[in-house]
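User: Got a minute to go through this model with me? I'd like to cover charge pairs, cysteines and the surface.

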Amino acid sequence: MEYTRLGRTGLKVSRICLGMMSYGDPDRQEWALTQDAAEPIVRRAVDAGVTFFDTADVYSRGESEVVTGNLLRGIFPRREDYVLATKVNGAMGEGVNDRGLSRKHVHAAIDASLRRLGTDYVDLYQIHRWDDETPIEETMEALHDVVKAGKARYIGASTMWAWQFAKAQHVAERNGWTKFVSMQNHYNLLYREEEREMLPLCADQGVGVIPWSPLARGVLARAGTTDSTARAGSDPRIDFLYDPENDKLVLDRVAHVAGERGLPAAQIALAWLFHQQAVDAPIVGATKDRHVDDAVAAVSVSLSAEELDFLGAPYRPREVRF
């Protein structure tokens, strides 16, 4: 495993972040694993050197945080040995204030997340997209207070327009509040619209990039095969985010390079991401041992300039998808 600083912070993270969305309550999402089923997979990742874990309060309506906290406390001897991230914004109840990025909900949500995670603090507290109904000044001050209260060490943001992210950072800087240190955005070989503005902005400002869905919800991992998965058949966002017909040229090239190298397609697609200078740690979901093995192996896969050009050339601009 390799380790890197998250953006310009002093925080060291593994180059693989294990996404914990896959663990929680199968009754809420068909492809989620229970704690018992998830434990050997998480242990395998930890044994391989993974120390960075990402979840969110809305994953399985809080159950992912419960599973995440239980597993990490049982595997690591010290809280200081791992980096834990969670997120706030999505609906966690039926009340009108049980969602969003208002001061009220941010403070209620961090306390609830800490209870479910069984910890005194999270290392990275992220806003789960933008909230059009709350002034960004209110959100940034609330997040600053969370940090000053010792409940989060750093704050991060996720998918939004670059102008929104720049505005949030400006508001924080102008008021002497805590700024975002990371951006969790949608980025992979099938979706590269972030290369236009967000990634250059993050590179210029020293913001860490931790892409979600680096394997396009498994689509890239299945390049060159007719395999299907429980998630592929039950996740409507796959059809929303990707188009098999338009993506075919890219998928064919991933399969071609994988065949020439004698490596799984997942390793090639992830290796391409590791070669992008803006990327610190892709967030990889794993429901099987081989998912962990492929992600860890991809860190060490070196692609030539010709292979990188070959993989990237077929991409065509597409509609922005959040």
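**Salt bridges, cysteines and a surface patch**

User: Before we start, what kind of model is this, and which pLDDT cut-offs apply?
Analyst: It is a predicted model: local features need pLDDT of at least 70, side-chain atom pairs count only at pLDDT 80 or more, and totals for chains, interfaces and linings use all residues. Residues are numbered from 1 along each chain as its sequence is written, and side-chain values use heavy atoms, with hydrogens and water left out.

User: OK, how many salt bridges does the structure hold?
Analyst: There are 20. A salt bridge here is a side-chain nitrogen of Lys or Arg within 4 Å of a carboxyl oxygen of Asp or Glu.

User: Which residue pairs with Lys248?
Analyst: Asp252, at 2.8 Å from N to O. Both residues sit in helix α9 (residues 244-261), four residues apart, about one turn of the helix. Helices are DSSP runs of H or I, at least four residues, and strands are E runs of at least two, numbered from the N terminus.

User: Is that pair buried or exposed?
Analyst: Partly exposed: Lys248 has a relative accessible area of 44%, and Asp252 has 37%. Buried means under 20%, exposed over 50%, partly exposed in between, with a 1.4 Å probe and protein chains only.

User: What about Arg78?
Analyst: Arg78 meets Asp81 in a salt bridge, 2.9 Å from N to O. Arg78 is partly exposed at 47%. Asp81 is also partly exposed, at 26%.

User: And Arg28?
Analyst: Its partner is Asp25, with the closest N and O atoms 4.0 Å apart. Arg28 counts as exposed, at 53% relative accessibility.

User: Which residues does Arg44 share a network with?
Analyst: Asp289 and Asp293, linked with Arg44 by salt bridges.

User: Switching to cysteines. How many disulfides?
Analyst: Zero in the whole structure. The cut-off is a pair of cysteine sulfur atoms within 2.5 Å.

User: Why is Cys17 not bonded?
Analyst: Because the closest cysteine sulfur, in Cys202, is 16 Å away, too far for a bond. Cys17 is buried at 0%, and Cys202 is buried at 1%.

User: Last one. Which residues make the nonpolar surface patch?
Analyst: Trp161, Trp163 and Val320, covering about 320 Å². Patch residues have over 30% relative accessible area and no salt bridge; like charges are joined within 9 Å, nonpolar side chains (Val, Leu, Ile, Met, Phe, Trp, Tyr) within 5 Å. Areas come from the Shrake-Rupley method with a 1.4 Å probe; for residues, only the protein chains shown count as cover.

User: Where is Trp161?
Analyst: In the loop between β7 (152-158) and α5 (162-175). Trp161 is partly exposed, at 42%.
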